[in-house]
Structure formats: structure tokens, C-alpha cells
Amino acid sequence: MVGFKSMGWLAGEPIHRRLSAEAKKKDSSLGILAFETAKTMSTLVSLYKSLSDEEISRLKNDVIKSEGVAFLNSSDEGFLLSLAYAERLEDLDRAAAVVSRLGKKCNDFGLNRFDLIYTDLKLGILDFGKLEYGSRSAEKKVRKMEKLVSATSCLRSALEGLTELEISERKLNQWKSRQIELEKANYDLFYQKLENQRKEARHFREISLWSTTFDKSVNLMARIVCVVYARICVVFGQQSRQFPLVKEKILPHSGPILTTSKRSIVRFYSRRSFLFFDEDDSQGSVAQTNRVFHAAGPSTVGGSGLALRYANVILLAEKYMDSSVPVNHDERESLYEMLPENLKALVRNKLSKNMKSVEDDSSLADGWRDAMVEMMGWLGPMAQDTVTWQMERNIEKMKLEAKPSVLLLQTLHFSDKEKTEAAIAEVLVGLSCIFRFENRKLGVL
């Protein structure tokens with residue numbers, strides 16, 4: 001086991017290295033790995049911010065008590081907090097895995113073996129010293145990471161712009177070789193723009209993670225990983241013992257964490273022993289993997305693989321409801337085809353019964369619209385959060401935005417499938433009635 005107090009990078013002391021002359025020469029920069037590192041830094045800063053007193057208060061008092069989450073997902077606050085707890089831990093685990101891999105390229109002994117440090121961290125005692133959550137030292141490191149992430153994001157944009165200009169340059173050279181004449185002023189303007197773009201790319205290479213060493217970048221991330229883990233334990237650890245759906249296989253470990261005034265005890269929990277559901281529960285077993293995403297059972301929207309589809313249906317219906325322009329036939333057909341067969345049948349059945357029981361009175365449109373606006377008030381945000389959650393975790397579309405991310409418990413992933421489909425059917429029938437009463441019939445619906 002690697003001793004925590006001997007790790008200079010962790011205790012805030014000067015880093016002591018035992019390096020050979022050859023090893024010192026290998027103190028290389030991140031280079032192309034800067035972009036992966038920036039994503040990991042962005043994730044860590046996002047996690048750090050999501051654990052502030054303000055964000056935790058919003059989670060407990062607003063998010064888990066919101067009408068949509070309570071009705072479609074669960075009104076059990078303990079269960080919802082367990083989902084938030086585990087998802088934050090999983091996000092941290094993924095970030096720590098990247099830090100550990102990058103740490104293998106570091107010269108510092110402690111950083112080189114961060115995988116062992118992180119494993120021991122979740123089971124043992126650690127003195128954080130000045131790295132307590134919210135401390136001046138931790139905040140300074142977070143700001144430094146934000147600055148590096150921002151510069152690396154600018155570098156990516158500069159390189160993308162440079163690539164486009166260089167493609168255009170090759171085309172210009174081809175035109176020259178074919179003796180295609182262009183005005184000299186256009187050539188000069190283009191080459192000046194190309195040179196400026198190259199200067200910009202060089203500038204951001206120098207100030208971004210591209211030119212930052214492995215030791216410096218991993219050092220920053222490793223510290224924040226430890227701070228974030230301790231904060232998760234402080235915020236959620238004591239409550240986890242009370243979660244009704246958590247099996248009693250939690251292994252507590254008590255240890256001191258130094259604050260600016262006095263010692264306090266933080267209870268650490270073994271990540272490997274944490275289970276959401278009873279292993280004998282075939283409806284929701286996540287076994288030893290403890291993967292939040294796969295914890296959704298078959299009776300949920302996410303467990304049925306319909307979360308994103310239903311979110312898009314809801315958002316499209318919301319758009320049509322707010323639109324002052326009539327919806328054309330192709331749009332109506334497209335919306336209808338997004339529905340699975342069982343939901344199509346449910347909508348047709350509800351629509352048939354509804355149209356038989358009411359008169360074609362345009363004055364009823366306002367009543368329907370008010371009812372739909374009220375329903376969309378809690379259904380719409382859940383649909384939007386579902387799309388946002390997917391985008392935040394889509395590697396190709398990931399933006400380097402260091403802000404608290406959406407949690408799965410806010411989305412349709414854990415929503416009861418039957419309730420969600422009933423709500424969607426109600427929205428589509430209401431939308432159809434509005435169009436009918438306002439002479440905007442929804443065709444197939």
C-alpha cells in the first residue's frame with residue numbers, strides 16, 4: 001500500500017522526485033492528449049461545482065421534489081438520493097481512471113501510481129490538509145483547471161479553423177497550377193488570414209494543456225479527485241445508510257480530515273460493496289457492477305430503451321403547441337411515426353373516445369391549451385433533461401463546459417413506462433383537440 005502522507009502532491013508539500021538523468025528528459029508535454037485531458041478536467045470541475053452547498057440544496061429541495069420526478073420516477077427521496085450518490089461516484093470513477101492512465105506517464109512516483117492511491121482512498125484514511133472542499137487551495141486549483149480547459153477549447157476551435165483554411169489553401173494552389181487568375185488582393189487577404197490563424201493556434205498551444213507537462217496536469221486532477229471523493233462522502237455518506245433500497249453490505253471506514261480549525265471525522269464507504277438493489281431482485285439487480293444507467297428495470301422508460309425517443313416526442317409536441325404556424329401533414333406524420341405501436345393504439349383510442357364526447361366547439365381550445373401548458377410545465381423539463389443528459393455524455397458532441405451536469409434521476413430514464421405513455425397520449429390528444437377546435441386538425445392523430 002502506498003502511504004498517503006508520503007505523497008507530496010497530495011499533502012500540498014513540495015514534490016520530491018528520485019529521477020535519473022534519463023527520466024528527467026522525459027518530462028514531456030501532453031500534446032494531442034490535451035483534448036482528452038481537458039474533457040476529464042471539465043468533468044472534475046463540473047463534479048466539484050455540483051457538490052456545492054447551493055447545488056446540494058437545489059438537488060434535495062427542488063429537483064427530487066419536482067412534480068415530474070415525483071410522479072413519474074419516485075417520491076422516495078432516499079431512493080432518488082441513492083441514484084444521485086452513485087451517479088456522481090461513477091462519474092468520478094471514470095475521471096479517476098483517465099487520471100490514473102495519464103499518471104503512468106508521469107515522473108513523480110505518487111502520480112505514477114495514482115491508481116493505487118485512488119483504490120486505497122476509497123477504503124482508508126487520508127489527511128487532506130489544505131485540500132478540504134471549498135478551501136482557498138482547492139478553489140485556486142479549480143480555477144486553474146478552468147483556465148486550462150478554456151484555453152484548450154480555444155485551441156481546438158483554432159485548429160479546426162486552421163484546417164479549413166489549409167484546405168482552401170490547397171485549392172488555391174491547384175487553381176494557380178491551372179493558371180486560373182484571381183485578383184491579387186484576394187490572395188493577399190486570404191494568406192494574411194491564414195497567417196493570423198496559425199499565430200492564434202500557436203498561441204493557444206503555448207497556454208493550453210497542449211504544452212502542459214503530464215506531471216503538472218495530473219497533479220492538478222489527482223488533488224481534485226481526492227477532494228471530490230471526500231465531499232461526496234460528506235454530502236451523501238451519512239444518508240446512504242438510511243436508503244431503503246440499499247443492501248446492508250456497506251463497509252464503513254472512519255478517519256480524520258483536517259480542517260482549518262479542528263479535526264472532523266468523515267466516514268468512507270467502499271465503492272465495491274455498494275449495491276442499489278438486493279441481488280435476488282430480478283426486477284432491478286445491478287449485481288456487482290453498480291451501474292446506474294443499467295439499474296432501470298423493464299417497467300421503466302429507460303429500461304425499455306425509449307427514453308430519448310419519448311423525450312423527442314414530448315419536445316416536438318411542445319414545439320407544435322407553442323407554434324403559431326399550422327403544422328403540415330409531413331410534420332404530423334413524422335410525429336406519429338415516432339410512437340411505438342402500443343402508444344399509437346393508446347392515442348387512437350383516447351382520441352376516438354374524446355371526439356365522441358365533445359362538440360366541435362372552438363371555445364374549448366383555450367381550456368385544452370391551459371391543461372396542456374400545465375402538463376408540459378413538469379413533463380417538458382424532464383424531456384429536455386433527458387436530451388441534455390445524452391448530449392453531455394456523447395463524446396463526439398461533448399462541450400468543454402465546466403458546469404454541474406444533469407443527473408439521470410431528473411430524466412425520463414427511471415420513469416414508470418405506463419405513466420409516461422399515458423401522459424404522452426394525453427398531450428397528443430390534447431394537441432389534436434386544440435388543432436381541431438382551432439381548425440388545425442392533426443390528421444392521423
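The exercises below walk through a predicted model of one protein, each with a worked solution.

Residues are numbered from 1 along each chain as its sequence is written, and side-chain values use heavy atoms, with hydrogens and water left out. In this predicted model, local features need pLDDT of at least 70 and side-chain atom pairs count only at pLDDT 80 or more, while totals for chains, interfaces and linings use all residues.

**Exercise 1. The overall make-up**

Task: Describe the protein by its secondary structure, its buried share, its surface and its contacts.

Solution: Begin with the secondary structure, which comes to 16 helices and 2 strands, where helices (H or I, at least four residues) and strands (E, at least two) are DSSP runs numbered from the N terminus. Next, take the burial: of the 445 residues of the protein, 48% count as buried, a word that means under 20% relative accessible area, with exposed meaning over 50% and partly exposed in between (1.4 Å probe, protein chains only). Then turn to the accessible surface, which comes to about 22,600 Å², with 50% of it belonging to carbon and sulfur atoms; such areas come from the Shrake-Rupley method with a 1.4 Å probe, and for residues only the protein chains shown count as cover. Finally, consider the contacts (heavy atoms within 4.5 Å): among those in the protein with a separation of 6 or more, 79% are between residues 24 or more positions apart.

**Exercise 2. The nonpolar cores**

Task: Find the residues that touch the most other members of the largest nonpolar core, and follow one of them to its contacts.

Solution: A nonpolar core is a set of buried Ala, Val, Leu, Ile, Met, Phe, Trp, Tyr and Cys residues joined through side-chain atoms within 4.5 Å. The largest one has 106 residues, and Leu44, Leu59, Leu92, Phe114, Phe236 and Leu409 touch the most other members. Helix α11, residues 214–240, gives the most to this core, with 15 residues. Apart from this core lies another, of 12 residues, including Phe35, Leu155, Leu165 and Tyr187. To follow Leu92, leave aside its neighbours within four places in sequence; Leu92 is then in contact with Leu44, Leu47, Tyr118, Val225, Val228, Tyr229 and Ile232.

**Exercise 3. The cavity**

Task: State how many cavities of 30 Å³ or more the structure holds, and say what lines the largest cavity.

Solution: On a 1 Å grid over the protein atoms alone, a cavity is a set of points where a 1.4 Å probe fits but cannot get out, and lining residues have an atom within 4 Å of a point. Grid points are joined across faces, edges and corners, and a volume is the space filled by probe spheres set on the points. By this reckoning the structure holds 1 cavity of 30 Å³ or more, and the largest cavity has a volume of about 40 Å³. Its lining consists of Phe293, Ala307, Thr386, Trp389, Gln390, Leu408, Thr411 and His413. Helix α15, residues 364–392, supplies the largest share of that lining, with 3 residues.

**Exercise 4. Two loop residues and a helix residue**

Task: Place Ser208, Glu206 and Ser415 in the structure, and decide for each whether the residue is buried or exposed.

Solution: Start with Ser208, which sits in the loop between α10 (184–207) and α11. Ser208 counts as buried because its relative accessibility is 1%. Beyond its neighbours within four places in sequence, Ser208 is in contact with Leu148, Ala151, Thr152 and Leu155. Now take Glu206, which lies in helix α10 and is exposed, because its relative accessible area is 61%. The C-alpha atoms of Glu206 and Thr152 are 9.9 Å apart in space, although the two are 54 residues apart in sequence. Last comes Ser415, in the loop between α15 and α16 (417–437), which is buried, with a relative accessible area of 0%. Not counting residues up to four places away in sequence, Ser415 touches Leu72, Asn73, Ser299, Thr300, Val301, Met382 and Thr420.

Conventions. On a 1 Å grid over the protein atoms alone, a cavity is a set of points where a 1.4 Å probe fits but cannot get out, and a pocket is an open set with protein on both sides within 12 Å along at least five of seven lines; lining residues have an atom within 4 Å of a point.
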